[in-house]
Amino acid sequence: MVSRYLFFVSELYALAILRPLQEAIRARGDAVAWFFERESLAGHLRPEEVRLASVESVIEWRPDAVFVPGNWVPQFFPGLKVEVFHGFSVGKRSESRGHFRVRGSFDLYCTQGPDTTQPFERLQQQLGFFRVAETGWSKLDPLFSGRYVREPAGRPVILFASTFTESITSARVLRDTVAAAAQRGSWQWLVTLHPKMAPDIVDSYRVLEGPHLRFAMTDDILALYAQADVLLSDTSSVVPEFLTQHRPVVTFRNRRPGPHLLDVQNVADVIPAVEHALQRPESLMNAIREYANRIHPWRDGRSSERVLEATARAIAAGRGGLKRKPLNLWRRVQARQRLGYWGF
């Protein structure tokens, strides 16, 4: 019997998270479709990908499960509601209001590693209306499945990536530092910026392109991770993603520094820190491996398969042994308002 799975998408970043899961679903011979909260996002689908354009079509299609990288999903959609997360917790907001906030929307949380699993298991014991399964994160499957071949560079490759949040972005203050380092030519620079980055910042980096710096606005940042020896960043979601490769990261004024990062407070210390990172000191590399094993120990490129297996188990178990989910009437009304649907 063919299973049907729906992807509920509220933000563009969801595509990179869900496409490896789509591959795993199709490899099993099952069916997958996409539903977009905003019409503008639908234009990013590939020709072979299936879209359900209306709430009515979703209800008629009756998915067995709905996978969500965001923090909400309409409860009136059929199927098990599965949270697959939009990223790792990086401390941009308090944990209770961010990564570990339970809104009563989901039946299953597919966690990335012990750092995520343990808090959600405690919440599961406390609240009792959802299940938790540690699966790893589908977004990283291509990184660990051999899809990306490291291109010969002949010199160290430094990736610079920055968050768009004005209060913590390093992009403005480090622009001249990156430009000067690229001009020296000792390293090959790759620069990518968040899609929501201020246009003037994007333009200021785009003009730096040359033989020693490549500017890349891409929806496949994993391909850049695979090429880089060191990441230079700030308090960005790319930091823990890059660290899962067991490669060093230099951060500028990170909000949650630790022994796994070379964090600096002053612009003058950035390039010396990168030089130090390239030496891969043993104490740093041990801390990186320990951190990576906490957030994402899975390095086999099969997290999507584990998500599907956990989903199948949860569907088979039904609501057995679980408490009733909170009614959350106002949140349910908000969901209908957002999608303009009032049917039953």
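A residue counts as buried when its relative accessible area is under 20%, and as exposed when that value is over 50%. Leu261 is a good place to apply this cut-off. Its relative accessibility is 7%, so Leu261 is buried. Keep in mind throughout that this is a predicted model.

Leu261 sits in the loop between strand S11 (249-252) and S12. What surrounds Leu261? Beyond its neighbours within four places in sequence, Leu261 is in contact with Val239, Leu243, Val249, Thr251, Asn254, Arg256 and Leu284. One of these partners, Leu284, is among the buried residues of helix H10. A second link to H10 is a distance. The C-alpha atoms of Leu261 and Tyr291 are 9.8 Å apart, although 30 residues separate the two along the chain.

That leads to helix H10 itself. H10 spans residues 282-295, which makes 14 residues. From its first C-alpha to its last it reaches 20 Å, close to the 20 Å expected at 1.5 Å a residue. Its buried residues are Leu284, Met285, Ala287, Ile288, Tyr291, Ala292 and Ile295. Where do they lie around the axis? They cover an arc of only 160°, so they are on the same side of H10. The spacing rule for helices helps here. An α-helix has 3.6 residues a turn, so residues three or four places apart point the same way. The face of H10 turned away from the buried side carries the exposed residues Glu282, Ser283 and Glu290. The cover over the buried residues of H10 includes helix H3 (114-127), helix H8 (238-243) and strand S12 (262-264).

Take H3 next, since it is part of that cover. H3 has 14 residues, which at 1.5 Å a residue should span 20 Å. Its end C-alpha atoms are 19 Å apart, which agrees. The buried residues of H3 are Thr116, Thr117, Pro119, Phe120 and Leu123. What covers them includes strand S5 (108-111) and strand S6 (131-134). After H3 comes Gly128, with a positive phi near 80°.

Now turn to another buried leucine. Leu21 lies in helix H1 (residues 14-27). Its relative accessible area is 0%, so Leu21 is buried. Which residues touch Leu21? Leaving aside neighbours within four places in sequence, the contacts of Leu21 are Phe7, Phe67, Ser138, Ser304, Val307 and Leu308. The C-alpha atoms of Leu21 and Val32 are separated by 9.5 Å, with the two residues 11 places apart along the chain.

Next comes a pair of helices, H5 and H6. Their axes come within 11 Å and cross at roughly 10°. H5 and H6 are therefore roughly parallel to each other. From H5, the contact is made by Ala171, Arg172, Leu174, Arg175 and Val178. From H6, it is made by Asp200, Ile201, Ser204 and Tyr205.

Two of these residues also form a salt bridge. The side chains of Asp200 and Arg172 meet at 2.8 Å, N to O. This pair links distant parts of the chain, with Asp200 in helix H6 (residues 199-206) and Arg172 in helix H5 (residues 171-184), 28 residues apart. How accessible are the two partners? Asp200 is partly exposed, at 43% relative accessible area. Arg172 is partly exposed too, at 44%.

The count of salt bridges comes to 16. Another of them joins the side chains of Glu39 and Arg51, at 2.7 Å, N to O. Both residues are in the loop between strand S2 (31-36) and helix H2 (55-61), 12 residues apart. Glu39 is exposed, with a relative accessible area of 56%. Arg51 is partly exposed, at 28%.

A further salt bridge pairs the side chains of Arg306 and Asp300, at 2.8 Å, N to O. Is Arg306 buried or exposed? At 14% relative accessibility, Arg306 is buried. Its partner Asp300 is partly exposed, at 37%. Salt bridges can also share partners, and in this way Glu11, Arg38 and Lys196 are joined into one network.

Notes:
Residues numbered from 1 in each chain as written. Predicted model: local features only at pLDDT ≥ 70, side-chain atom pairs only at ≥ 80, totals over all residues. Heavy atoms only, no water. Salt bridge = Lys/Arg side-chain N within 4 Å of Asp/Glu carboxyl O. Helix = DSSP H or I, 4+ residues; strand = E, 2+ residues; numbered from the N terminus. Buried < 20%, exposed > 50% of the residue type's maximum accessible area, 1.4 Å probe, protein only. Contact = heavy atoms within 4.5 Å. Expected span 1.5 Å × (residues − 1). Arc of directions from axis to C-beta. Axes fitted to C-alpha atoms, helices over the stretch in contact; angles between N-to-C directions. Parallel < 35°, antiparallel > 145°, perpendicular 65-115°, else oblique.
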